[in-house]
Every structure is written in C-alpha cells, then in structure tokens.
Amino acid sequence: MNKQKTVIALVIVMLVGLFFIFDLDQYLRLSYFKSQYQQILLYYEAHTLQTIATFFLIYTIITALSVPGATVLTLASGAVFGLIKGTIIVSFASTLGATLAFLISRFLLRDFVQQRFVSQARAINDAITREGAFYLFTLRLVPAVPFFVINLVMGLTPIKTQTFFWVSQVGMLAGTLVFVNAGTELAKLENIRDILSPGLIFSFTLLGLFPWIARKVLRFIKSRKILADWPKPAKFDRNLIVIGAGSGGLVSAYIAAVSKARVTLVEKHLMGGDCLNTGCVPSKALIRSAKFLSHIQRASEFGIKSADARFDFADVMERVRNVIGQVAPHDSIERYTQLGVECVQGTATLKSPYHVEIRTHTGATQTLTTRNIIIAAGARPLVPPIPGLDQMDVLTSDNVWNLRKLPQRLVVLGGGPIGCELAQSFRRLGSEVFQLEMAPRLMIREDPEISEMVMNRFRKEGVHVLVNHKASRFERNGDVKIIYCQHEGREVRIECDEILCALGRVANTKGYGLEELGIPLTPAKTIETNEYLQTLYPNIYACGDVAGPFQFTHTAAHQAWYAAVNALFGSLKKFRTDYSVIPWSTFTDPEVARVGLNEQDAKQKNIPYEVTVYGLDDLDRAIADGEAHGLVKVLTVPGKDRILGVTIVGEHAGDLIAEYILAMKHGLGLNKILGTIHIYPTLAEANKYAAGQWKRAHAPEKLLRWVEKFHQWQLR
C-alpha cells in the first residue's frame, strides 16, 4: 500500500474509531431524536437552510464512513422536513455518501482484492461489465442486504462511478420514500422494527426479485418472438441434432446419448473431424517419426559412436495413416451407434430452427424435426488471396498427408503452432525448409524469449527462419514455384518445390443454412453466441472452431459439454461457459505449453505480477535424458503464491503443465505444489523446483534472522 493510501486509510480508521470511542451513535438513536424532536423543529424554523445543510453533511459523512445511523436520520428527515423535502434531501445525501464509500473501497481495496482473487474476480468482473447496473438496481431494492455492504463490495468491481451513482439514486428511492414517510409519524414509532416488519421486508424482497423475474419473462418473450415466424411442430423426431462429428460434435452427441435423449449426429465427411483425420493425430504421428530421426542424428550425445537410419518418406506417411486407423475406432460410427447415437453420413441443412434436412451420400433426403440443434461444423485452413497463390497447388494441413514424395525444398507460410510443428518435422525428414513469418518472430502469442528458444533450435537444425517476411506474390516456372516476399523494403525471391500454407483456420459457416436463418457472425467470422453458446435462436447452439474464440480440440470438447447440457436441460438450469483456465501446447521440439497469462498478456492488460523462472538445465532427469534445456516460467500475484499463468518450454511440456492447470482451476498456490511429493528422478520435479524458487524469493528474512540467533544461543 502506497503512502497516499496509508494516510487515507488511517484517517478513515481514526474517524470511525472516534465515532465509537466518544459514543457518537447515541445521538443517532431513535430515542434521542424523539426526546429532542421539539427543539430540533424550533431550530429548523429559525435556521432553515443551516439545518438542511448540516443534516445533509452529517448524513453524507455517516453513509461514507459506513457507520450506524442512516436509518434513524432518514426517519428524522421525514419528521423534520416532511415527505417531499425529506425524500429529496435524503435521496441525494445517501447517494453522495454511498458513492464516497464506493470510491474509498475502490481506492483502498480493489487492487488488493483483484490481485488476490484473480480467477474469481475475472468471472465477477465479466458479469458486472455486462449487467452491473441491473445487479446493483436489484440489490438496492432489497433492504435485507445492508446498503453499506453494497457500497463497499461494488467498489471492488469495474462498475463505472457514474453508473453506480445514478442507479443507486433510482434504486434507493423506493426505500427512502417508505422510511421518510414513516418518519412523518415519528411520535407513533417506538422501534425501527415497527417499520421493518416481516411483511414489509417480504414486500421489498419481492420488489427486488421483480427485475430478475421480469428479465426471465422478457427473455422468454424475446425467444418466442424470434421463433414466432417459424411454425413449431406438434411433436419432435429428436431431442437434439448435432451437425459435425469432430471433437465438439462427438462430445455433444455422447452427452445426449448417456442422458437418454434421442440424438442424431450428421457428418458429411469423416467421423472424428479434423483432429483425427487431418490435424492432431496425423501431425503428432509425423512429429514422432521425425523426432526419432533427430535422436539418431544426435547419437554421439548418448555415447553411441555412430548410428544411421534408412527410410522412405512414403513409409513414414503410411505409418501416419495407420495411426489414424488405430485411433479411428474411438470416434467411429460403430462405437457411437452402440452408445445410442444415430449417426448419419451426409449433409445437414437448417431449414428452420426446428427442421434439419439431411441428404445422405446415397442421395436420399429426409427432414427431421428437433427441439434443439448444436452446430459443430469446425473450420478449414485459411488460404489468403495473395496474387498467384491459387495457381500453386498449395499444401495445407488438410491435404499435406497425401504426400508420398518428400519435397526437396519446402516453403512454410506462417509461424504459428501448425506452421512450426510441420516446418521442424519436414526439416528433420530431410527437406530444405524455408519458414516465412510476417511478424518479427515465430509464435507471436508467446513471450519473446520463448519464441527465441524455438527459433534458435529451428536454425540449429537447419530451418531457414525468415521473420519480417511478407509474401506478396507467387509465380511458377515449370515445376518450380517462386515466392516473392517483402523484407525491410526490398523484395526477396525464394524457389521451392512445394508450398505449405499454415496461416490459421477459418470457421465453416457457409452452405448449411445460417444465412437463410439470419444467424449472425462475429467480426472473426465465427458464429455469434452468448455465454450459454446459444445463437440468435435460443434452441440453436454452436461449439468448437465454428464458434471460437479458441481453436483447440480440448476447448471444443469443453464447450460441447455446455452446449449439450444447456440444450437438453436449459429450461431447468443454464450454465455459462467457463473460459477461466484454458491451456494449450505447441508440439515443437522443445515443446511449448501454456495456461493463463504470460508476461506480454499481463503487461497488455496492466495486471501486476511477479515472475519465477526455473531452468530445466538444472534438472537431474533432463540432464540424464540429454534434454537439459528449457524452463518453467510462473507468473504469480505480487507477494502471493497464487498462480496467474505458466509457460513451460522443454521435453513433454504439454504433460508437465497439467499440474498447474489443476492448481489454477482449483485455486491451489505454489506452496501446495511445493508441499507435494514428486517422484525422483522425473521431469515433473521441475514444477516443484519452480515452486521452491518462488519460496526462496519470499523467505521470511526477519524470522530467519531470529532463528539464526536462536541456533547460536543453543551453541553456548
């Protein structure tokens, strides 16, 4: 806490302390006002403006300091000033005092609370940003919630001061009227409980609940209005139809089936979607073969005088296909049919919010009625409209698996995860690889030193990493493909045999009825959904790559749970999608895994943090394995062990980070990780050593000095 905050805090503590030390609350009791009522009236008649100003000031201070007395002052205003004038005075004084209390709480406590409870605060902040005025208005209508508590708690949130002021002014008006009006009958009141009867509190509570009930009703009316133009079937064929059998679609259908719902899963191409057939599974199979070759090339590091490997690229790619075949039964029609899912291979088209037309590969067509629809149509590789690129027979993550001849010279466009994984793999398999990235470094979402570690490894292995290179046009000279790039104001010419485009993925949003139903898209060209993953139509949901904001297999499965549960049981209870702890990994060598914030994110969002770094070159198992490189980088709340984010670079980083994902999800700090036994010697010890590094940096120096003196005393 800085000096300014300390001074203000001391002043407030002193004022509150004096209030109670000198028993000033005795002057703010109903009995005192009743005893002084006539004298106060006489003084008011003689000094009207002075009385109003003094009363206004006292009321504001009492409210700002959050000390008892506001209720009695409100009654007194009715007795002295009358209903209209008393209501006006109290309304503005209470709002001004509440706003001062709000600002005091914000100034003194908000930063501490936001840093101490990061994950909880993020969810609350999002809710307040969206509907803070609504929540505040509702709370102001319910006297069962002390107003001073509302003032202090709201100060910890991002709600705007002007919003707090006017909502409080309006929200407290009903209660102010009741109490001021009761004050006009001051002589008949013996106790405040005469006003706050159970019946009155119940009435106010109903009044407070009214906005919530009204919002539910309005949502229901809005959904009915949106669906009104579409005739609702008298009965439904299905509880749920899922479009797309990738990760999101499979999980959605699985949840529906185990819930005993009637569900149809429609896939126009291959079960398992991109992940199984063209993404995660084949790329990791290729990476494994390429890594094996890299170990042979490093034979001398392991005490082997020489080693050699003879291989055919076609055999490597055939292994990739075999791996897909071995994993495929997990996502097969047979398995899901046994689970109770009706699987249909064909093309689905939305005809209405209740009707889905399915055209099978045999040409047969059927239209099914359904209560709910989940769109999990996935995404496809982005091929930008750069002049000449459409004439290059460009490779993408979709079709690169069809190669059976190793490209001698390969250009990889893009420095993101897909581009990096494939660039390194093809280089290890023997291609001369040129990796082009228009940004100043690869893996731009990671911290600069993380990108540097990967780029250094790539260059050491012979990848031509060309950052700050922007492809401007493409030409062809027979079988030779030519790329022209802009680099620092000059044109660079590169010749190659194949071009692999790895510039990201674009959601599949065309060709199945979104436009006809008027379902809007986001600026990122994904389907627009709310926090429950509902589209414009409350019974049509979207999840996975087609919905964003993340394009990972595991987040598609994560979203699918929310989409399926909300679709099937939303009439009873809906669940907001939780994006608080989203991890990911790039399977280069070294691997890069991350969860939560990194440094560049924290700086961009102006979030205070501390950094703890543990180098894997110090880890016994990494040394024994010949993989003594990389790091564990942990961001924590300043002075606390609460984890804001973790980046791990090194062997099996994607596996090692699971411990931190668990810790962040369940609010465990570094002290808990430090206190957990880790098997020796394992790579997982790195997590414990990183926690120990943090602990050493936060050792209680004063206590240790006393302990040292204690030990010295024992030697006497």
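This report walks through two sheets, a helix pair, a cavity and one residue of the structure above.

The model is predicted, so local features need pLDDT of at least 70 and side-chain atom pairs count only at pLDDT 80 or more, while totals for chains, interfaces and linings use all residues. Residues are numbered from 1 along each chain as its sequence is written, and side-chain values use heavy atoms, with hydrogens and water left out.

**The parallel sheet**

Let's begin with an open sheet of four strands in the order E9-E8-E7-E13, where the pairing is parallel. Strands (E, at least two residues) and helices (H or I, at least four) are DSSP runs, numbered from the N terminus; two strands pair if DSSP finds at least two bridges between them. Strand E9 (464-467) and strand E13 (498-501) form the edges, each pairing on one side only. From one strand to the next, the twist averages 20°. Angles run from 0 to 180 degrees between N-to-C directions, and axes are lines fitted to C-alpha atoms, for helices over the stretch in contact.

Two helices lie across strands of this sheet. Helix H16 (residues 417-429) lies across E7, E8 and E13, at about 165° to E8. Helix H17 (residues 448-461) lies across E8 and E9, at about 140° to E9. Contact here means heavy atoms within 4.5 Å.

**The antiparallel sheet**

A second sheet to look at is open too, with three strands in the order E10-E11-E12 and antiparallel pairing. Its edge strands are E10 (470-477) and E12 (490-496). Neighbouring strands are turned by 25° against each other on average, direction ignored. In the hairpin of E11 and E12, two residues stand between the strands, and Glu-488 takes a positive phi near 50°.

Here are three strand pairs from the two sheets, each with its bridges and one pair of facing residues.

| Strands | Sense and bridges | Facing residues |
|---|---|---|
| E10 and E11 (residues 480-487) | antiparallel, seven bridges | Arg-476 and Lys-481 |
| E11 and E12 | antiparallel, seven bridges | Tyr-484 and Arg-493 |
| E7 (residues 409-413) and E13 | parallel, four bridges | Leu-413 and Cys-501 |

**A helix pair**

How do the axes of helix H5 and helix H8 cross? The axes of H5 (residues 83-116) and H8 (residues 161-171) come within 9 Å and cross at roughly 145°. The crossing is right-handed, meaning that the near helix is turned clockwise from the far one by less than a right angle. Among the residues that meet are Phe-92, Leu-96 and Arg-106 in H5, and Phe-164, Phe-165 and Gln-169 in H8. By class, this contact has seven nonpolar, six polar and one charged residues. Ala, Val, Leu, Ile, Met, Phe, Trp, Tyr, Cys and Pro count as nonpolar, Asp, Glu, Lys and Arg as charged, and the others, Gly among them, as polar.

**A cavity and Val-506**

A cavity is a set of points on a 1 Å grid over the protein atoms alone where a 1.4 Å probe fits but cannot get out; lining residues have an atom within 4 Å of a point. The count comes to two cavities of 30 Å³ or more. The second largest has a volume of about 40 Å³, and its lining includes Pro-381, Ile-418, Cys-501 and Arg-505.

Val-506 is found in strand E14 (residues 505-507). Leaving aside neighbours within four places in sequence, Val-506 is in contact with Ala-379, Arg-380 and Pro-381.

Key
On a 1 Å grid over the protein atoms alone, a cavity is a set of points where a 1.4 Å probe fits but cannot get out, and a pocket is an open set with protein on both sides within 12 Å along at least five of seven lines; lining residues have an atom within 4 Å of a point. Grid points are joined across faces, edges and corners, and a volume is the space filled by probe spheres set on the points.
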